[in-house]
Amino acid sequence: MLLIDCPFCGKRPEVEFHCGGEAHIARPADPAQVDDAIWAEHLFVRKNPRGLHAERWRHLHGCGQWFNALRDTYTDRFVETYKAGEQPKHPLTETRA
Ligand SMILES: [Zn+2]
């Protein structure tokens, strides 16, 4: 069974969690000045790397908190979890060919 390390509760079974998609997506600073193409990219275009990926996760059947995780999409290994608003300690540069 895959265990995910919730930054608030510790390691729990993966069935308690829900993935919320890519992390660290910044909203445009001045939304009124953004055209439709940039809005569409902001809302719908996401990275899909083979390797490390920063994702938002929620401990849905536990504390209910949102947090971020670095997960290797190739091995499904969680490299690191950290609270929302923080940056990962591990560099986000590893990708697989
Ligand atoms: Zn938790």
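**A four-stranded sheet and a zinc site**

Me: In what order do the strands of the open sheet of four strands lie, and which are the edge strands?
Reply: In this predicted model, the open sheet has the order β3-β4-β5-β6, with antiparallel pairing. An edge strand pairs on one side only. That condition is met by β3 (18–22) and β6 (77–83).

Me: By what angle are neighbouring strands of this sheet turned against each other on average?
Reply: The sheet concerned is the open one with the order β3-β4-β5-β6. With direction ignored, the average turn between its neighbouring strands is 35 degrees.

Me: How many bridges join β3 to β4, and how many join β4 and β5?
Reply: The strands β3 and β4 run antiparallel, and Cys19 stands opposite Trp57 in β4. The pairing of β4 with β5 is antiparallel too, and Ala54 has Leu70 in β5 as its bridge partner. The count for β3 and β4 is three bridges, and for β4 and β5 it is seven bridges.

Me: How many residues of strand β4 are buried?
Reply: Strand β4 spans residues 52–58, seven residues in total, and is mostly covered. A residue counts as buried when its relative accessible area is under 20%. In β4 the number of buried residues is five.

Me: Which residue in the turn of the hairpin formed by β5 and β6 has a positive phi?
Reply: Six bridges join β5 and β6 in the antiparallel sense. Asn68 stands opposite Tyr82 in β6, and Arg71 stands opposite Phe78 in β6. Four residues lie between the two strands of the hairpin, and the one in the turn with a positive phi, about 65 degrees, is Asp76.

Me: Which strands each supply at least two residues of the largest nonpolar core?
Reply: Nonpolar side chains tend to be buried together in soluble globular proteins. Here the largest nonpolar core has seven residues: Ile4, Cys6, Phe17, Trp57, Phe67, Ala69 and Phe78. The strands that each supply at least two of them are β1 (3–6) and β5 (66–72).

Me: Which residues does Ile4 contact, leaving aside its neighbours within four places in sequence?
Reply: Ile4 is one of the residues of the largest nonpolar core. Its contacts include the core residues Phe17, Trp57, Phe67 and Phe78. In full, the residues are Gly10, Lys11, Arg12, Glu14, Phe17, Trp57, Phe67, Phe78 and Thr81.

Me: Where is Glu14 found, and what is its C-alpha to C-alpha distance from Leu2?
Reply: Glu14 is found in the loop between β2 (10–13) and β3. Leaving aside neighbours within four places in sequence, it is in contact with Leu2 and Ile4. Glu14 and Leu2 are 12 residues apart in sequence, and their C-alpha atoms are separated by 5.6 Å.

Me: Which atoms coordinate the zinc ion, and what is the geometry of its site?
Reply: The donors are Cys6 (SG), Cys9 (SG), His59 (ND1) and Cys63 (SG), at 2.1 to 2.4 Å. Along the chain they follow the spacing C-x2-C-x49-H-x3-C. The angles among the four donor atoms run from 101 to 117 degrees, and the site is tetrahedral.

Me: Is His59 buried or exposed, and why?
Reply: His59 is a donor of the zinc ion through ND1. A residue is buried under 20% relative accessible area. Because the relative accessibility of His59 is 0%, it counts as buried.

Me: Why does Cys63 count as partly exposed?
Reply: Cys63 is a donor of the zinc ion through SG. The partly exposed class lies between the buried limit of 20% and the exposed limit of 50%. Cys63 falls in that class because its relative accessibility is 32%.

Me: Which residues does His61 contact, leaving aside its neighbours within four places in sequence?
Reply: His61 is found in the loop between β4 and β5 and is exposed, with a relative accessible area of 57%. His61 and Glu16 are 45 residues apart in sequence, yet 4.7 Å apart in space, C-alpha to C-alpha. The residues in contact with His61 are Val15 and Glu16.

Me: What pattern does the protein follow along the sequence?
Reply: The protein has 97 residues, of which 30% count as buried. It contains one helix and six strands. Read along the sequence, the pattern is β-β-β-α-β-β-β.

Terms used:
Residues numbered from 1 in each chain as written. Predicted model: local features only at pLDDT ≥ 70, side-chain atom pairs only at ≥ 80, totals over all residues. Heavy atoms only, no water. Core = buried A, V, L, I, M, F, W, Y, C linked by side-chain atoms within 4.5 Å. Buried < 20%, exposed > 50% of the residue type's maximum accessible area, 1.4 Å probe, protein only. Contact = heavy atoms within 4.5 Å. Donors = N, O, S within 2.8 Å, 3.2 Å for Na, K, Ca; no water. Tetrahedral: all angles 85-135°; square planar, octahedral: opposite > 155°, others 65-115°. Pairing = 2+ DSSP bridges. Axes fitted to C-alpha atoms, helices over the stretch in contact; angles between N-to-C directions.
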